[in-house]
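This briefing is meant to be read beside the model, with the ligand sites treated ahead of the aromatic contacts. Please keep the sequence to hand while going through the points.

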Amino acid sequence: MIIQLEKDITDIQRATLEAKLQSISYKTTEVNTQFADYIVGVGKKEFDIREIGTMPGIHDIHRVSDAYKLVSQKWKVEDTQVDLGDGISIGTGEFAIMAGPCSIESEAQIESTIDHLVKNNVRIMRGGVYKPRSSPYSFRGLGIDGLKLWYEKARTAGIKIITEVMMTEQIDAMFDYVDIFQVGARNSQNFNLLDALGKVDKPVMLKRGISGTIDELLQSAEYIFSNGNERVMLCERGIRTYENSYRNCMDLNAIAMLKEKTHLPVIADPSHGIGVRRFVERIALASIMAGADGVIFEVHECPEKAFSDGQQTLDYGQSGALFNKLRKTFEFRKSIRS
Ligand code: PEP
Ligand code: MN
């Protein structure tokens, strides 16, 4: 059960509500986000929700029986739009495109990527400065200095930054230089990190765990939301199955299902989703038809020389073509769905 409180609820109205919730033995958690105040109640007793819904000080009430609640469509039917400022937002309306290298490598690479994005009217750049790598001997990112350099160049060009945060301790130092905090697949159930990202007022893109279920992804998103941050989006990036012909199995089913289960924007990552450059385009386009609100993919001036994930990275020619096809496919989807 989710009860949204009126902003001006009085102490007496609150006390009356608490007494009512106690009388039906519901366990309650208060959630205060940047946008609203809620009481999330968990309990079994059957009662007529109108008894609470009509109480003074209550904005509305919904019964949500799933393990995740605030991110559920059962509570909020309209899609959520995550606003990045400067006229850029994700979810509903326009299709979101985020592109950039797997890793931020150098000043020249940052400049070249920004130039490519600006030419193609793409406003959000991806790139890792803290890289989770399977091997400790691989390139692990330029760290905070790389982020600051990137930020300076991106801001001048009007480009927003999405980058991965790996540890709670990195959040404060990164905060001023990031537009979207990315939670990587390996941290999808790092509940301390999710709690901490719930306490900052900055959009978060949460990736699905390598072997995470849809339900687990939604419960991880609930951690962020219930700690106070409503600006959350989800990312399908492929899961591990018994199939080993490609890097991961892009779960298009999950995109379709997530769009029914949650009001949060759903982003597709076809680069990690399949992990093979020549298939990235068709998986990206298929993700749109499955219902994605946006696509994030890897691009590099010279993929063969990329410090990481070159095998799944597009060059500028392929990337430019994909931007056009993404936009056309999104228009096509809108034209065939009312
Ligand atoms: C990435 O997007 O840079 C990344 C490391 O992806 P994932 O966490 O999905 O493996
Ligand atoms: Mn990568």
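In this predicted model, the shell of residues around ligand 1 is made up of six charged, three polar and two nonpolar residues. The points below take up that shell, then the manganese ion (ligand 2), and then a set of aromatic pairs.

**Ligand 1 and its shell**

- The residues that surround ligand 1 are Arg-126, Lys-131, Pro-132, Glu-164, Gln-182, Gly-184, Ala-185, Arg-186, Lys-207, Arg-237 and His-272.
- Oxygen atoms of ligand 1 lie 2.8 Å from a side-chain N or O atom of Arg-126, 2.9 Å from one in the side chain of Arg-186, and 2.8 Å from one in the side chain of Lys-207.
- Of the 300 Å² of accessible area that ligand 1 has on its own, 96% is covered by the protein.

**The manganese ion (ligand 2)**

- Coordination of the manganese ion comes from Cys-102 through SG, His-272 through NE2, Glu-298 through OE and Asp-309 through OD, at distances of 2.0 to 2.4 Å.
- Along the sequence, the spacing of these donor residues follows the pattern C-x169-H-x25-E-x10-D.
- Two of the donors, His-272 and Asp-309, link distant parts of the chain, being 37 residues apart; His-272 belongs to helix H9 (residues 270-274), whereas Asp-309 sits in the loop between strand E14 (294-298) and helix H11 (316-336).
- Both His-272 and Asp-309 are buried, and His-272 is also one of the residues surrounding ligand 1.

**Aromatic pairs**

- Across the whole structure, a search finds 10 aromatic pairs, among them the edge-to-face pair of Tyr-26 and Phe-47, with 5.6 Å from centre to centre and 90° between the planes.
- This pair joins distant parts of the chain, 21 residues apart, with Tyr-26 in the loop between helix H1 (11-23) and strand E2 (27-32), and Phe-47 in the loop between strand E3 (37-42) and helix H2 (50-53).
- Tyr-26 counts as buried because its relative accessibility is 12%, under the 20% cut-off, and Phe-47 is likewise buried, with a relative accessible area of 9%.
- Tyr-38 and Trp-75 form another edge-to-face pair, at 5.3 Å centre to centre and with 90° between the planes.
- Here too distant parts of the chain are linked, since Tyr-38 lies in strand E3 and Trp-75 in the loop between strand E4 (58-62) and strand E5 (82-85), 37 residues apart.
- Tyr-38 and Trp-75 are both buried, and together with Phe-225 they form one aromatic cluster.

Methods:
Residues are numbered from 1 along each chain as its sequence is written. Chains are lettered from A and ligands numbered from 1 in the order in which they are written. This is a predicted model: local features need pLDDT of at least 70, side-chain atom pairs count only at pLDDT 80 or more; totals for chains, interfaces and linings use all residues. Side-chain values use heavy atoms; hydrogens and water are left out. A residue is near a molecule or strand if one of its heavy atoms lies within 4 Å of it. A polar contact is a pair of N or O atoms within 3.5 Å; within protein, one must be able to donate a hydrogen and the other to accept it, and residues adjacent in sequence count only if both atoms are side-chain atoms. Accessible areas come from the Shrake-Rupley method with a 1.4 Å probe; for residues, only the protein chains shown count as cover. Ala, Val, Leu, Ile, Met, Phe, Trp, Tyr, Cys and Pro count as nonpolar, Asp, Glu, Lys and Arg as charged, and the others, Gly among them, as polar. Donors are N, O and S atoms within 2.8 Å of the metal (3.2 Å for Na, K and Ca); water is not among the atoms, so sites may look incomplete. Helices (H or I, at least four residues) and strands (E, at least two) are DSSP runs, numbered from the N terminus. Buried means under 20% relative accessible area, exposed over 50%, partly exposed in between (1.4 Å probe, protein chains only). Rings of Phe, Tyr and Trp (its six-membered ring) pair if their centres lie within 6.5 Å; planes under 30 degrees apart count as stacked, over 60 as edge-to-face and the rest as tilted.
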